[in-house]
Amino acid sequence: MVQNDDSAEWNTDDDLYFEIDNFQSSPKSSSPLVTSLDHMFATLVDMGFSDDMIARAIQENGEPFLYVNEYICLFSFNVIVNDFAGPNAETSAIIDTISKYSMNCEPSSSKSKTIDHFLAMGFDEEKIIKAIHKLGEENMEEIANALLSSEADTSPMMKEEDNMDWSDSDDEMKYSDLLSSDDEKDQDSLYSCNPLSSLVKMGFSELEASLAIERCGDSVSIADLADFICAAHIAREFDEFHIDPEEQKPRQDIKKRRKEPRPSANNQPLHLPNPMIGFGVPNEAVFITHRSLPALARAPPYFYYENVACAPTGVWETISSHLYDVLPDFVDSKFICAAARKRGYVHNLPISNRYQIQPAPKLTIQEALSHTRKWWPAWDTRTKLNCILTVHASAQTTKRIRLELEAHTGEPSEATKRYVIEQCRRWNLVWVGKNKVAPLDADEIESLLGFPKYHTRGGGISNTDRLKSLGNSFQVDTVAYHLSVLKPLFPDGISVLSLFTGIGGGEVALHHLKIPMKTVVSVEISEGNRNILRDFWDQTNQRGEFIEFEDVQDLTRDKIVELMKRFGGFDLVIGGSPCNNLAGGNRVSRSGLEGEQSSLFFEFCRILEVVRETTMEMRRS
């Protein structure tokens, strides 16, 4: 069905076009028959049916009563109406006809040119018709991409790969294991290597899947594609932030989007930008240097909240509304380091004069993990790793890859290459020898995420727990880039209330920025994580006072007031509440902020509000 778009171009065989309002204002519109028709038409529009389907249904069900010499375009649709049905066309029959249209794949005659165009390209007519009904005949590029994706489903190369026997009961992690942490999970292992069919099996429509593949590319992981689709429900470009005209630089790789009126701040749809560079990142040319913070958000202290960007519909609207209507700074850390990490950051920090810690992190896999360069095959063109996960590929997976590659005396077959690269992307595998791939180890992940070497090693924490803690941590270089604006504001040191501290990504970022930490009050439920941060504090010879709490609920109002009076208040409240119920790979308990773990976000809000109120009281006294 053609989409209603005021900007669409007319596509008919006649030069006389009249919008429906003009037609109703003509002398002919004074007829009671036309008035009745207008009333029926308006009633059906109010019921939620499209103009296109209503016009066709009226034609099919009614007696022709009026011949119009001029062709009439109904709004932006390319339906040419010569005979309008009279008032004897019953509304119920028309509704039945409209319902039939939604399931009928036969196109209208106005689509014949589009069909002929794609038939000439060699596509199947049934698939063409289906794509036209889903995407609209004017969206030629989207139709072509959908047809190409459909063809890929049955291509010989895919069939060759599908016929390979990759089965092994010990190969993939159990579903429950994949959901064992609160980060973005990679569910690709549960589905086939074909992105379109995998997404359809996950319950998404073919249209959603095709659009996601078109926007993100077919090399993107299934989990990222699924997250993109979920995020599309909150898609609309937000324009509360602006770039000075003299500083604005157009990006050639960003499609122009149609601006729509903004809703109220309390019901603001949020859009995940593509590319996801927020207010700017060090290695991109576009920077937003000004934003209009809501009045409530301008009061001290500074706050900085982080969570997964690809959350369920409405989550980021809720987060923003509870944090004084501040809109998120959405950033994918792949623009700052060699690994992707899509996160939203809600904060009231200044955004001008940010700077990157030095030495700057490496931007490609081969630079960051130089020991892999020797064995990296030319046909593996990856330069970035996917999001760092808390689970790894099994030994059976890496063994199967090695055996498959060793079966070829020369260059592997195209099917083998596709399989190997898909597995490498899925599990973030790197090359460690001839025909040998391996998962990232904890030391490599520490480096990619910006932590000091051996940050999580020792202290009685197992390797499995190291991986889990790292998978759920901040990307330090990204956070440090945001916090860098604090250095000139607090030359004598900063007092920090750190909620859901984890392994101390915020504290490590401040240390790398050489911002003295006069006081850190840390709240972290994991004993292993608390040990890691305590070791970091001791080993880096921090001179400030370090206080730990296990549970955010221990921070009652009285306790917060006591701490603030003791230390003179807090300059920064920082944290990222658990995202177990938000992460894209969680198909079991992805219940949003109502989930058992992710509802702790509201504890962040509660504590921040107490800190802000107490700060105002302390300033007045």
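Me: How many aromatic pairs does a search of the whole structure find?
Reply: Happy to start there: the search turns up nine aromatic pairs. Keep in mind that this is a predicted model.

Me: Why is the pair of Trp 316 and Phe 330 called edge-to-face?
Reply: Their ring centres are 5.4 Å apart and their planes meet at 85°. Rings count as a pair if the centres lie within 6.5 Å, and as edge-to-face if the planes are over 60 degrees apart. Both conditions hold, so the pair of Trp 316 and Phe 330 is edge-to-face.

Me: What makes this a link between distant parts of the chain?
Reply: Trp 316 belongs to helix H13 (residues 315-322), Phe 330 belongs to strand S6, and the two are 14 residues apart. Both Trp 316 and Phe 330 are buried.

Me: Why is the pair of Phe 601 and Phe 602 called edge-to-face?
Reply: Here the centres are 5.2 Å apart, with 65° between the planes. The angle needed is over 60 degrees, so the name fits. Ring pairs also join Phe 601 and Phe 602 with Tyr 305 and Phe 604 in a cluster.

Me: Why is Phe 601 called buried?
Reply: Its relative accessible area is 0%, and buried means under 20%.

Me: And why is Phe 602 called partly exposed?
Reply: Phe 602 has a relative accessible area of 28%. Partly exposed covers the range between the buried limit of 20% and the exposed limit of 50%, so that is the right label.

Me: How do you know that Arg 612 lies over the face of Tyr 324?
Reply: Arg 612 is at 4.0 Å from the ring centre of Tyr 324. The distance limit for a charge over a ring is 6 Å, so that part of the test is met; Arg 612 is also listed as lying over the ring's face.

Me: What makes strand S8 largely enclosed?
Reply: Four of the five residues in S8 (residues 429-433) are buried, so the rest of the structure largely encloses this strand.

Me: How do you know that S8 and S9 pair?
Reply: Four bridges connect S8 to strand S9 (residues 436-439), in the antiparallel sense. Pairing takes at least two bridges, so the strands qualify. One of the partnerships is Gly 433 with Lys 436 in S9. In this hairpin two residues sit between the strands, and Asn 435 has a positive phi near 65°.

Me: What makes S6 and S12 edge strands?
Reply: The open sheet of seven strands runs S6-S7-S5-S13-S10-S11-S12, with mixed pairing. Strand S6 (329-332) and strand S12 (545-549) each pair on one side only. From one strand to the next, the twist averages 20°.

Terms used. Residues are numbered from 1 along each chain as its sequence is written. This is a predicted model: local features need pLDDT of at least 70, side-chain atom pairs count only at pLDDT 80 or more; totals for chains, interfaces and linings use all residues. Side-chain values use heavy atoms; hydrogens and water are left out. Buried means under 20% relative accessible area, exposed over 50%, partly exposed in between (1.4 Å probe, protein chains only). Axes are lines fitted to C-alpha atoms, for helices over the stretch in contact, and angles run from 0 to 180 degrees between N-to-C directions. Rings of Phe, Tyr and Trp (its six-membered ring) pair if their centres lie within 6.5 Å; planes under 30 degrees apart count as stacked, over 60 as edge-to-face and the rest as tilted. A charge sits over a ring if NZ of Lys or CZ of Arg is within 6 Å of the ring centre and within 35 degrees of the ring normal.
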